[in-house]
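Dear colleague,

I am handing over the structure we spoke about, and I would be glad if you could look through it alongside the notes that come after it.

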Amino acid sequence: MKPSLSNAKAGETLPPPLDSNSNPPPLFDGTTRLYITYRSPFAQRAWITRNCKGLQDEIKLVPLSLTDKPAWYREKVYPVDKVPSLEHDNKIIGESLDLMKYIDSKFEGPSLFPTDLAKRDYGKELWSYSLKFIETMYSALNGETVKELGPPLDHLDRALQKFDDGPFFLGQFSLVDIAFIPFVERIQSLLSDVWKHDITLGRPNLASWIEEMNKIDAYTQTKYDPQDIIAYMKTRFLYAEE
């Protein structure tokens, strides 16, 4: 079943990133703000969730510079100094998985988690697995990447077979899909560029899922320049010691 995500507004004008020379917004003035960097896969999770809920007018994006993050973000907004974070109801909430659930439960818009008990239980299992998947992904970038990523990608392909009422992890589109797609997107691009390896070969369910995800405006509107991401990941993980 293809998700109804008509609330994703096409052509949203993205604000320029704020740097060390930028003044902070008027903090805690009643405006709900999502602090991100455009490249971060963790921030992308919260951003996709916001878009899927149709909250472009209710939650203002505040992008920060990737290379010149303003000091006021750490000093006045979020001492942890990571993205994403959400300014809402005179408090700051961080951590991408927590933010996804918070945005889904605290704001109006279509629910992004099923009511069916079997799907909810499996969704929680995959939710936990997403942490292991990311850990394995980053560890593999310092080892035999293609070989080490095979088992977790096979796991995702099998997980996509669990329900037959749609191409997504829980059949219908959900927060689980949002939790994985930024990281699968990056692995797909990097392995194709560096190793000429197609992660969808022999994984038909994964291939169908990626294809369906790329039909969802709420997701595609958050995609960053893939060449920039590839260059960053090469520098950060593959060639860091060269």
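The notes below deal with the nonpolar cores and then with the aromatic rings.

This is a predicted model, in which local features need pLDDT of at least 70 and side-chain atom pairs count only at pLDDT 80 or more, while totals for chains, interfaces and linings use all residues. Residues are numbered from 1 along each chain as its sequence is written, and side-chain values use heavy atoms, with hydrogens and water left out.

The largest nonpolar core (buried Ala, Val, Leu, Ile, Met, Phe, Trp, Tyr and Cys residues joined through side-chain atoms within 4.5 Å; buried means under 20% relative accessible area with a 1.4 Å probe, protein chains only) has 49 residues, and F169, F180 and W209 have the most contacts inside it. Among the elements that give two or more residues to this core are α1 (41-52), α5 (145-159) and α6 (175-194), where helices are DSSP runs of H or I of at least four residues, numbered from the N terminus. The largest share, eleven residues, comes from α6. Apart from this core lies another, of 23 residues, including Y35 and W72.

Ring pairs (Phe, Tyr and Trp, the last by its six-membered ring, with centres within 6.5 Å; stacked under 30 degrees between planes, edge-to-face over 60, tilted for the rest) number twelve. Y73 and Y78 form an edge-to-face pair, because their ring centres are 6.5 Å apart and their planes at 65°; both residues are buried. Ring pairs also link Y129, F133, F169, F180 and W209 into a cluster.

Best regards

How values were computed: Buried means under 20% relative accessible area, exposed over 50%, partly exposed in between (1.4 Å probe, protein chains only).
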